[in-house]
Each structure stands twice: as C-alpha cells, then as structure tokens.
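Colleague: Please take a close look at how aromatic rings pair in this model. I should then like to see that part set in its wider context.

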Amino acid sequence: MLIAPSILSADFGYLADEVKAICDSGCDLVHVDVMDGHFVPNLTIGPVVVSAVAKVATKPLDIHLMVENNSFFVDLFAPMKPEYISFHIEEEKHPHRLIQKIRSLGIKPAIVLNPHTSPESIEFLLEDLDMVLLMSVNPGFGGQKFIPSVVEKAKRLKSLIEKRNPNCLIEVDGGVNSDNVSLLKEVGVDIVVAGSFVFGHADGYSKAIASLK
Ligand code: DX5
Ligand code: ZN
C-alpha cells in the first residue's frame, strides 16, 4: 500500500519542517488539498504556499483540487511539477478535455469521485486516466469519519479498471486509519491518503506510516 499523508493536518506554522519530516518517515507521495471556498466550504492553500512545499518535498506531490474552474487551477499548479493533479468529476463539464490538458503539461491526470458518485459515471474516461481518487468522506475537512460504502465502490471500480485500463491506480481519501486500511487493500486500492491519522499519531510519523503499510 502506498501512503500519501495529507498536509492539511500538518502544523502550518512549521510547514517546511512538517513536509521534510513526513518525507523522511517513509511516505510515498505528499497529498496537497486545494480548496477554494466555493466547491467546498473551506479555503486552504494556493500556489505561493504549494511552491514552498514543492521546494522542500523529497517525495512527489499529489495535488487534490476541490475547486470550481479546474482548468484555471491546473495552470496555477502545473509549474510545481506535481506527479498527479486530481479534479472532481462533479465540477467538470469537459473532463476528457481537461485530462488531455493535464497530460500535455507532463502531469498524471486523476479524477475524484465524491461519496455519492458512482464509478460507472467515469467508465469511458478510465483509459485516459492514471488514477481515480475515491472520497471516503465529504470533501472539505480533515478528521472526519470514514464512510464504509467506499469499500464496495472500490471493488466495482477495480473490475471496471481491469476491463478498461489495468494501469490505472485507485486512491482512497478520508478517515483512513490502521483499522480500515486492510479492507481497502483487499479490494485492490493502491494508495491511501491519511491526514489526521499520520499527523496526530502519538508515536510519530514513521510509526503511523509503517502501521498503515
Ligand atoms: C478532505 C481531504 C482529505 C483530508 C484527509 O477533503 O481531501 O485529504 O485532509 O484527512 P483525514 O485523513 O484526517 O480524513
Ligand atoms: Zn484530499
């Protein structure tokens, strides 16, 4: 299982140190939650802060857009050369076009599904995607409770992926901890995002990441 700690739960007063610490603690990606106060009822960070994160991160960035006007935000974050940019299907009228744009910028495109969105809705986009991110909470905040129906959804998505594009990865985001991670592994999830579990772990970041793995 690959682990992508969400820096949303980091101490922003010491953000550079926090990013260095998770990169030195065995994580695989650094998950960056970008919220615009419109698509979700929260506001986080923009390109000024994310470029500072990119400078100190020794692991690739995984940028999760929770915004209106995705294409504008793709242009803002492309210069930071993230590994992935993921955007919500619920907020995009032309997902196929945006996928091609992200790929043309040398970034792996990914689509995010909210808890109510079915995997069949993106079946005919799978061959163009590197990853699908399934939300296991309502987007907007760290520290929420895991919604268990994501397990069945991941299973259904996995069978669509096997048919359409076996190289496409599945990532799950929200409320992931050492109790539910094995359920996700069993149904074929490749990457988990974990915010409060990693940053709030009493025994430190390395132990938290190791326990998820
Ligand atoms: C929620 C974000 C998540 C969140 C995860 O909108 O997309 O990445 O920070 O935090 P936890 O692991 O605490 O649910
Ligand atoms: Zn996220």
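Modeller: Two rings of Phe, Tyr or Trp (for Trp, its six-membered ring) are called a pair if their centres lie within 6.5 Å; planes under 30 degrees apart count as stacked, over 60 as edge-to-face and the rest as tilted. By this rule, the whole structure holds 2 aromatic pairs. One joins F72 and F73, which meet edge-to-face at 5.4 Å centre to centre and with 90° between the planes. F72 is partly exposed, at 44% relative accessible area, whereas F73 is buried, at 16%. Here buried stands for under 20% relative accessible area, exposed for over 50% and partly exposed for what lies in between, with a 1.4 Å probe and protein chains only.

F199 and Y205 make an edge-to-face pair as well, with 5.1 Å between the centres and 65° between the planes. F199 is buried at 12% relative accessible area, and Y205 is buried at 18%.

The model is a predicted one, in which local features need pLDDT of at least 70 and side-chain atom pairs count only at pLDDT 80 or more, while totals for chains, interfaces and linings use all residues. Residues are numbered from 1 along each chain as its sequence is written, chains are lettered from A and ligands numbered from 1 in the order in which they are written, and side-chain values use heavy atoms, without hydrogens and water.

Y205 belongs to helix α8, residues 205-212; helices (H or I, at least four residues) and strands (E, at least two) are DSSP runs, numbered from the N terminus. Leaving aside residues up to four places away in sequence, Y205 touches E18, A21, I22, S25, V198 and F199, where contact means heavy atoms within 4.5 Å. From Y205 to L65 the C-alpha separation is 25 Å, and their positions lie 140 residues apart in sequence.

For comparison, P109 sits in strand β5, residues 108-113, and is buried at 0% relative accessibility. Beyond residues up to four places away in sequence, the contacts of P109 include I85, I99, I102, D128 and M131.

The zinc ion (ligand 2) takes its protein donors from H31 (NE2), D33 (OD), H64 (ND1) and D173 (OD), at 2.1 to 2.3 Å. Donors are N, O and S atoms within 2.8 Å of the metal (3.2 Å for Na, K and Ca), and sites may look incomplete because water is not among the atoms. The zinc site is octahedral, its 6 donor atoms giving angles of 69 to 170°; six donors earn that label if opposite donors are over 155 degrees apart and all others between 65 and 115. Along the chain, the donors of the zinc ion are spaced as H-x1-D-x30-H-x108-D. H31 lies in strand β2 (residues 30-35) and H64 in strand β3 (residues 61-66), so this pair ties together parts 33 residues apart in sequence. Both H31 and H64 are buried.

The protein chain as a whole contains 8 helices and 8 strands, and 52% of its 213 residues are buried. Its radius of gyration of 16 Å agrees with the value near 17 Å for a compact globule of 213 residues, a rule of 2.2 Å times the number of residues to the power 0.38, taken over C-alpha atoms. Among contacts between residues at least 6 apart in sequence, 64% join residues at least 24 apart.

How values were computed. Tetrahedral: all angles 85-135°; square planar, octahedral: opposite > 155°, others 65-115°.
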